[in-house]
Amino acid sequence: MSFKLFLVLIALAFCGKLENTFLVPKDQSQVTVSVKAGEPFSVEVEGNPTTGYLWFLTKQSNALTATNLEEDGSGAFTPQKVAKGFAGAGGRFNFDFVAPKPTNDLVEIELEYRRPWEPEAIKKVVVKVHVN
């Protein structure tokens, strides 16, 4: 691992939400984003783990490094703020990445919304990333 990538990973561990955060709209299954090489970025998707469904990273380009996956490959979950006493609220799953160097072509990230014990996803999202 390069020293620069190591520093980025350390910074991610101590920082909150990334400056380059891209929310995938609920009604879209594909988005394209542009990021700078070496700068961390985050992809967010809305979901509700109380239903048993989680967002999983199912494919990523070798040009990208995921930095915050759970052991099962799911993203980190942040619940939405709700009034005290309410349970079962949704929130956002986020997937943090860094691309150490520029790419000539778009690189892809694929996410699936499914229950861990079920093989079929109810939604899939493809994020195409241009790294410059």
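1. A salt bridge here is a side-chain nitrogen of Lys or Arg within 4 Å of a carboxyl oxygen of Asp or Glu. Glu108 and Lys128 meet that definition, because their closest N and O atoms are 3.8 Å apart. The model is a predicted one. The pair joins distant parts of the chain: Glu108 sits in strand S8, and Lys128 in strand S9 (residues 123–131), 20 residues apart. Glu108 is partly exposed, at 26% relative accessibility.

2. How many salt bridges does the structure hold? The count is 8. Some share partners: Lys26, Glu44, Glu46 and Arg92 are joined in this way into one network.

3. Within that network, look at Glu44 and Arg92. They form a salt bridge, with the closest N and O atoms 3.3 Å apart. Glu44 belongs to strand S3 (residues 41–47) and Arg92 to strand S7 (residues 91–98). The two residues are 48 apart, so this pair, too, links distant parts of the chain.

4. Is Glu44 buried or exposed? Glu44 counts as buried, because its relative accessibility is 8% and the cut-off for buried is under 20%. Its partner Arg92 counts as partly exposed, at 30%.

5. Strand S8 supplies another acidic partner. Glu110 forms a salt bridge with Lys59, the closest N and O atoms being 3.9 Å apart. Glu110 lies in S8 (residues 107–114) and Lys59 in strand S4 (residues 54–60), so the bridge ties together parts 51 residues apart in sequence. Both ends are partly exposed: Glu110 has a relative accessible area of 25%, and Lys59 stands at 41%.

6. Now the sheet. Four strands make an open sheet in the order S2-S9-S8-S4, and the pairing is mixed. S2 (30–35) and S4 are the edge strands. Each has a single partner strand, so one side of each lacks a neighbour in the sheet. On average, neighbouring strands are turned by 25° against each other, with direction ignored.

7. Which way do S8 and S9 run? They run antiparallel, and 7 bridges join them. Glu112 stands opposite Lys124 in S9. The salt bridge between Glu108 and Lys128 also spans S8 and S9.

8. To sum up, S8 carries both Glu108 and Glu110. The partner of Glu108 is Lys128, in S9. The partner of Glu110 is Lys59, in the edge strand S4.

Note on methods: Residues numbered from 1 in each chain as written. Predicted model: local features only at pLDDT ≥ 70, side-chain atom pairs only at ≥ 80, totals over all residues. Heavy atoms only, no water. Buried < 20%, exposed > 50% of the residue type's maximum accessible area, 1.4 Å probe, protein only. Pairing = 2+ DSSP bridges. Axes fitted to C-alpha atoms, helices over the stretch in contact; angles between N-to-C directions.
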